[in-house]
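Here's a protein chain to explore at your own pace. Have a look at the sequence and the fold, then read on for a short tour.

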Amino acid sequence: MKAVIQRAREASVTVQGDVIGKINIGMIVYFSVEANDTLDMIAPFLDKLVKLRIFEDENKKMNLSIDKLGSEILFISQFTIASNLDRGNRPDFATCKAAHEAEEFYQEAIRILKEWGYKVECGKFGAEMIVKYINDGPATFVLDSDKLARFRKKKNYEIC
């Protein structure tokens, strides 16, 4: 799984002219699923995401996570993040999870975040979307499950 995370002062997603998701201060998460990802990886990946200290404290230090702020999440499926750009000039999507499987991951991620008590607004899986936002910072981060030690070590992981 990969996610591009942006700190936002406000954000919205529109499908066919209708705003279907809107947040105030919080984070936009563009979420993608790769062919080798498994459902048991979702919770630890999201745990890392919500614990990222990417919001500034009173001293202008990135010291606060979204759970400390009580902020909102705009969660959008974005399969192109999982594309391979190593060869040629056209993105290769062979590394992406098949759409019907990726949608299961996307819906499960949303369910988990809501179950954990986060206010989550969403895009629409597979739809053409227009995303408008004010990036706070600007601050943009990439979270990649392949680079997380907890997945590389193949240890059992418990959510704290």
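In helix H1, the buried residues are Ile-42, Pro-44, Phe-45, Leu-46, Asp-47, Leu-49 and Val-50. That's seven of the 10 residues in this helix, which spans residues 42-51, so H1 is mostly covered, with buried meaning under 20% relative accessible area. Keep in mind that you're looking at a predicted model.

Now zoom out to the whole chain. It has four helices and eight strands. Starting at the N terminus, you'd meet them in the order β-β-β-α-β-β-α-β-α-β-β-α. The radius of gyration is 16 Å, close to the 15 Å that the globule rule gives for 160 residues, so the chain is as compact as a globular protein of that length. If you boxed up the C-alpha atoms along the principal axes, you'd need roughly 45 × 45 × 30 Å.

How much of the chain is buried? Of the 160 residues, 42% are. There's plenty of long-distance contact too: among contacts with a separation of 6 or more, 73% join residues that sit 24 or more positions apart. On the outside, the accessible surface adds up to about 9,500 Å², and carbon and sulfur atoms own 47% of that. As for charge, the chain carries 24 positive and 24 negative charges, and the mean positions of the two sets lie 5 Å apart.

Next, the inside. The largest nonpolar core has 31 residues, and the members that touch the most others are Ile-5, Met-27, Phe-31, Ile-73 and Phe-75. Several elements each chip in at least two residues: strand E1 (2-15), E3, H1, strand E6 (72-77), helix H3 (99-115) and E7. H3 gives the largest share of this core, with seven residues. There's also a second, separate core of nine residues, and Ala-8, Ile-23, Leu-74 and Ile-76 are among them.

Ile-5 is a good one to click on. Setting aside neighbours within four places in sequence, Ile-5 is in contact with a list of residues including Met-27, Val-29, Leu-49, Ile-54, Phe-141 and Leu-143.

Let's compare three single residues. Which of them are buried, and which are exposed? The table has the values.

| Residue | Where | Relative accessible area | Class |
|---|---|---|---|
| Ser-32 | strand E3 (residues 26-32) | 1% | buried |
| Lys-124 | loop between E7 and E8 | 48% | partly exposed |
| Glu-128 | loop between strand E7 (119-122) and strand E8 (130-144) | 74% | exposed |

Why does Glu-128 count as exposed? Its 74% relative accessibility is over 50%, so it falls in that class. Lys-124, at 48%, lies between the 20% and 50% cut-offs, so it's called partly exposed.

Who do these residues touch, leaving out those up to four places away in sequence? Ser-32 is in contact with Met-1, Lys-2, Gln-78, Phe-79, Ile-81 and Ala-82. Lys-124 touches Val-15, Ile-20, Ser-77, Tyr-106 and Met-129. For Glu-128, the partners are Thr-14 and Val-15.

Both loop residues also show how the fold brings distant parts of the sequence together. Glu-128 and Thr-14 are 114 residues apart along the chain, and their C-alpha atoms are separated by 8.7 Å. Lys-124 and Gly-21 are 103 residues apart along the chain, with 9.2 Å between their C-alpha atoms.

Note on methods
Residues are numbered from 1 along each chain as its sequence is written. This is a predicted model: local features need pLDDT of at least 70, side-chain atom pairs count only at pLDDT 80 or more; totals for chains, interfaces and linings use all residues. Side-chain values use heavy atoms; hydrogens and water are left out. The radius of gyration is taken over C-alpha atoms; the globule rule is 2.2 Å times the number of residues to the power 0.38. Buried means under 20% relative accessible area, exposed over 50%, partly exposed in between (1.4 Å probe, protein chains only). Contact means heavy atoms within 4.5 Å. Accessible areas come from the Shrake-Rupley method with a 1.4 Å probe; for residues, only the protein chains shown count as cover. Lys and Arg count as positive and Asp and Glu as negative; His and the chain ends are not counted. The place of a charge is taken as NZ of Lys, CZ of Arg, CG of Asp or CD of Glu. A nonpolar core is a set of buried Ala, Val, Leu, Ile, Met, Phe, Trp, Tyr and Cys residues joined through side-chain atoms within 4.5 Å.
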